[in-house]
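Here is a short tour of one protein chain, written to be read with the model open beside you. Please keep the viewer at hand and follow along.

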Amino acid sequence: MDAIKAVLERRSVRSISDEAVSKEILESLVECGRVAPSGHNKQGRSFLVLTERTAIDEVGNIATWGKFFIGKAPAVILVFCDTKECATPVEDGSAATENILIAATAQGLASCWVAGFGMPYASEIEAFAKVPENKKLISIIPIGHSTGANTPMPKKSSLSDVLFWNKF
């Protein structure tokens, strides 16, 4: 799938089957996150891939947003940024997250961006994962195969509503 098609077809899918995702595909998704742009090219991101059911269940139980579907995924990628190393940790982690989501779509996988940074459950997930103090959770990404339920594109603003040329 080409990049533009993957961007336009990406959806937040919350109906994910428990069918396993290969280690090679998960590594390729993280590789796509790793090469995302970062402020001043600091690259202070880290990715924790969860494939063990008990760890996924625990993150699902902790995260109040996404609780009903995180624990059903066969894999979860947690995106962290080093707040001492990154000049722009939220932006850097968000760019990596979006790359992972688009790459998952290109691989025919379902995924959903679940907020991490600043959320009331972030510190509890960081403690559970034994994350160093300078790394902060940016996002939680459940990854898997769709259960087959069609996830339509939510209503989006039209291009003419958001595109301006040279002035507003």
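At what angle do helix α2 and helix α5 pack, and how far apart are their axes?

## How two helices meet

The model is predicted, so please read every value below as computed from it. Helix α2 covers residues 23-34 and helix α5 covers residues 89-106. The two pack at an angle of about 140°, and their axes lie 7 Å apart. That angle makes α2 oblique to α5, because roughly antiparallel is kept for angles over 145 degrees. As for handedness, α2 passes α5 in a right-handed crossing.

## Salt bridges within a helix

Side chains of opposite charge can pair when their charged atoms come close. In this structure there are four salt bridges, and we can visit some of them here.

Start in helix α1, which spans residues 3-9. Glutamate 9 and lysine 5 join their side chains in a salt bridge, with 2.8 Å from N to O. About one helical turn separates glutamate 9 from lysine 5, because the two are four residues apart in α1. Glutamate 9 is partly exposed at 34% relative accessibility, and lysine 5 is partly exposed at 41%.

Now move to helix α3, residues 53-62. Here arginine 53 forms a salt bridge with aspartate 57, and the closest N and O atoms are 3.2 Å apart. Arginine 53 and aspartate 57 are four residues apart, about one turn of the helix. Arginine 53 counts as partly exposed, with 34% relative accessibility, and aspartate 57 counts as partly exposed too, with 29%.

## A salt bridge from helix to strand

Which residue does glutamate 126 pair with in a salt bridge? The partner is lysine 136, and the closest N and O atoms of the pair are 3.9 Å apart. This pair links distant parts of the chain: glutamate 126 sits in helix α6 (residues 122-128), lysine 136 sits in strand β5, and ten residues separate them.

Is glutamate 126 buried or exposed? Its relative accessible area is 11%, so glutamate 126 is buried. Lysine 136, with a relative accessible area of 28%, is partly exposed.

## Buried residues with partners far along the chain

Back in helix α3, look for isoleucine 62. This residue has 8% relative accessibility and therefore counts as buried. The C-alpha atoms of isoleucine 62 and glutamate 124 are separated by 7.1 Å, while their positions lie 62 residues apart along the chain.

The loop between α3 and α4 (67-70) holds glycine 66. Glycine 66 counts as buried, because its relative accessibility is 10%. From C-alpha to C-alpha, glycine 66 and arginine 14 are 8.3 Å apart in space, with 52 residues of separation in sequence.

## Exposed loop positions

In the loop between β5 (135-144) and α7 you will find proline 152. With a relative accessible area of 57%, proline 152 is exposed. Its C-alpha atom is 19 Å from that of phenylalanine 68, and the two residues are 84 apart along the chain.

Asparagine 41 belongs to the loop between α2 and β1 (45-50). What is notable about its backbone is the sign of phi: the angle is near 55°, a positive value in a residue other than glycine. At 53% relative accessibility, asparagine 41 counts as exposed.

## After the last stop on α7

Which residues make the nonpolar surface patch of about 470 Å²? They are Leu159, Val162, Leu163 and Trp165. Tryptophan 165 is found in the segment after α7 (159-162), and its 65% relative accessibility means that it counts as exposed.

The segment after α7 also contains asparagine 166. Asparagine 166 is not a glycine, yet its phi is positive, about 70°. This residue is exposed as well, with a relative accessible area of 84%.

How values were computed
Residues are numbered from 1 along each chain as its sequence is written. This is a predicted model: local features need pLDDT of at least 70, side-chain atom pairs count only at pLDDT 80 or more; totals for chains, interfaces and linings use all residues. Side-chain values use heavy atoms; hydrogens and water are left out. Patches are made of residues with over 30% relative accessible area and no salt bridge: like charges are joined within 9 Å, nonpolar side chains (Val, Leu, Ile, Met, Phe, Trp, Tyr) within 5 Å. Accessible areas come from the Shrake-Rupley method with a 1.4 Å probe; for residues, only the protein chains shown count as cover. Buried means under 20% relative accessible area, exposed over 50%, partly exposed in between (1.4 Å probe, protein chains only). Axes are lines fitted to C-alpha atoms, for helices over the stretch in contact, and angles run from 0 to 180 degrees between N-to-C directions. Angles under 35 degrees count as roughly parallel, over 145 as roughly antiparallel, 65 to 115 as roughly perpendicular and the rest as oblique. A crossing is left-handed if the near helix is turned anticlockwise from the far one by less than a right angle, and right-handed if clockwise.
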